[in-house]
Each structure stands twice: as C-alpha cells, then as structure tokens.
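Subject: Structure handover and notes

Hello,

Here is the structure we spoke about. My notes follow below it.

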Amino acid sequence: MMKISTKGRYALRIMVELARAADDSRPVSLRAVAERQLMTLKYLESIIALLVRERLVISMRGKSGGYRLSRPAAQYTVYEILRAAEGELEPVQCLTSGAIPCPMESRCSTLSVWRGLSKVVRDYLEGITLADLANMPAGEFSYCDGI
C-alpha cells in the first residue's frame with residue numbers, strides 16, 4: 001500500500017502555513033508553525049531542512065528570522081511538496097527511479113496496473129496547488145470531481 005508518512009503530511013501543512021503568511025513581509029517562525037499545527041518543533045526542524053534543501057522554502061536568519069516560500073504558492077504542486085519530503089511516490093518498487101530492472105518486466109501481467117495507478121496519483125497531486133490549499137477553509141477541499 002502506498003502510504004504518505006507523517007513527514008509528508010507535515011511538510012504539506014508547513015507549506016500551507018507559509019503560503020497563508022506569504023502576504024506578510026516577515027518570515028514565519030517554525031515555533032509559530034509548531035504551535036498552530038500542534039507539532040513538535042524538533043520534528044519540524046528536520047522537515048524544514050528537507051524543504052530548504054529542495055529550495056521550496058528560504059531560511060532567513062537573525063532575531064526576526066524564520067522561513068518563507070521561495071516562489072508564489074500557485075507555482076507549487078502537492079506532488080512536488082510530497083516528493084521533496086517522501087522521495088519516491090510510486091506504488092511499487094519496480095517503478096522507482098534507479099530501481100534494479102525486474103526480470104519479469106517484459107512479461108509482467110500487472111505492470112500496466114501499477115503504471116496506471118502511478119499516473120492517476122501523480123496527475124491528481126499535480127493538479128492541486130499550494131495556493132488551492134492555502135485559500136480555502138480546512139476540510140473544504142473537493143477536488144475529486146471527475147475521478
């Protein structure tokens with residue numbers, strides 16, 4: 001079963017917090033995010049490090065330091081954010097980049113199912129922007145129309 005870990009879910013929540021604060025010129029402190037999202041600061045520090053490394057957020061040092069998005073929220077997709085936190089999002093190992101070629105690939109009866117599932121998941125997550133999530137009240141996202 002493909003499962004998004006706590007790290008991926010928290011990364012997305014951090015990014016929504018930063019997107020909602022983007023109009024304010026001041027960076028957002030990680031402590032403030034931790035308090036609003038009921039997360040431990042220590043765990044958020046490890047996640048924000050991934051987001052900084054992937055250049056999704058910018059770290060601002062100093063007394064008034066914190067974090068901000070590196071580009072407008074509408075330019076991020078949920079897929080990109082989850083990928084930064086989770087790494088591969090493929091439903092099976094044989095579809096991951098750099099996987100050892102499967103000796104059954106040419107005669108695998110199920111490979112097309114996994115490729116199809118991968119495409120559906122990716123298309124869905126790429127169709128949702130960070131701005132979409134940041135601009136709506138919690139629990140009101142209804143993106144499943146047509147799926």
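A residue counts as buried when its relative accessible area is under 20%, as exposed when it is over 50%, and as partly exposed in between. By that cut-off arginine 83, with a relative accessible area of 32%, is partly exposed. Please keep in mind that this is a predicted model.

Salt bridges

How many salt bridges does a search of the whole structure find? The search returns five. Three of them are described here, including the one that involves arginine 83.

Arginine 83 pairs with glutamate 88, and the closest N and O atoms of this salt bridge are 3.8 Å apart. Glutamate 88 is partly exposed because its relative accessibility is 30%.

Glutamate 80 and arginine 71 also join their side chains in a salt bridge, with an N to O distance of 2.4 Å. Glutamate 80 has a relative accessible area of 25%, so it is partly exposed. Arginine 71 is likewise partly exposed, at 25%.

The third pair to mention is arginine 122 with glutamate 126, whose side chains meet at 3.0 Å, N to O. Why are these two separated by about one helical turn? They are four residues apart in helix α5, which accounts for the spacing. In general, an α-helix has 3.6 residues a turn, so residues three or four places apart point the same way. Arginine 122 is partly exposed at 37% relative accessibility, and glutamate 126 is partly exposed at 35%.

Surface patch

Helix α5 covers residues 111-126 and also holds tryptophan 114. Together with Val113 and Leu117, Trp114 forms a nonpolar patch on the surface, and the accessible area of the three together is about 240 Å². Tryptophan 114 itself counts as partly exposed, because its relative accessibility is 30%.

Helix α3

Helix α3 takes in residues 41-53, which is 13 residues. The expected span is 1.5 Å times one less than the number of residues. For α3 this should give 18 Å, and the end C-alpha atoms are 18 Å apart, so the two values agree.

Which residues of α3 are buried? They are Leu44, Ile47, Ile48, Leu50 and Leu51. Viewed down the helix axis, the buried residues of α3 fall within an arc of 150°, and therefore line one face of the helix. On the face turned away from that buried side, α3 carries the exposed residues Lys42 and Arg53.

The buried residues of α3 pack against three helices and two strands: α1 (6-20), α2 (30-37), α4 (78-86), β1 (57-60) and β2 (66-69). Just after α3, arginine 55 has a positive phi of about 65°.

Methionine 15

Methionine 15 belongs to helix α1. Is this residue buried or exposed? Methionine 15 is buried, because its relative accessible area is 0%. Setting aside neighbours within four places in sequence, methionine 15 is in contact with Leu51, Leu56, Val57, Leu69, Tyr76, Ile81 and Leu130. One of these contacts, Leu51, is among the buried residues of α3 listed above.

Methionine 15 and proline 137 are 122 residues apart along the chain, and their C-alpha atoms are separated by 15 Å.

Regards

Terms used:
Residues numbered from 1 in each chain as written. Predicted model: local features only at pLDDT ≥ 70, side-chain atom pairs only at ≥ 80, totals over all residues. Heavy atoms only, no water. Patch = residues over 30% accessible without salt bridge, like charges linked within 9 Å, V, L, I, M, F, W, Y side chains within 5 Å. Areas by Shrake-Rupley, 256 points an atom, 1.4 Å probe, with all protein chains shown as cover. Salt bridge = Lys/Arg side-chain N within 4 Å of Asp/Glu carboxyl O. Buried < 20%, exposed > 50% of the residue type's maximum accessible area, 1.4 Å probe, protein only. Arc of directions from axis to C-beta. Contact = heavy atoms within 4.5 Å.
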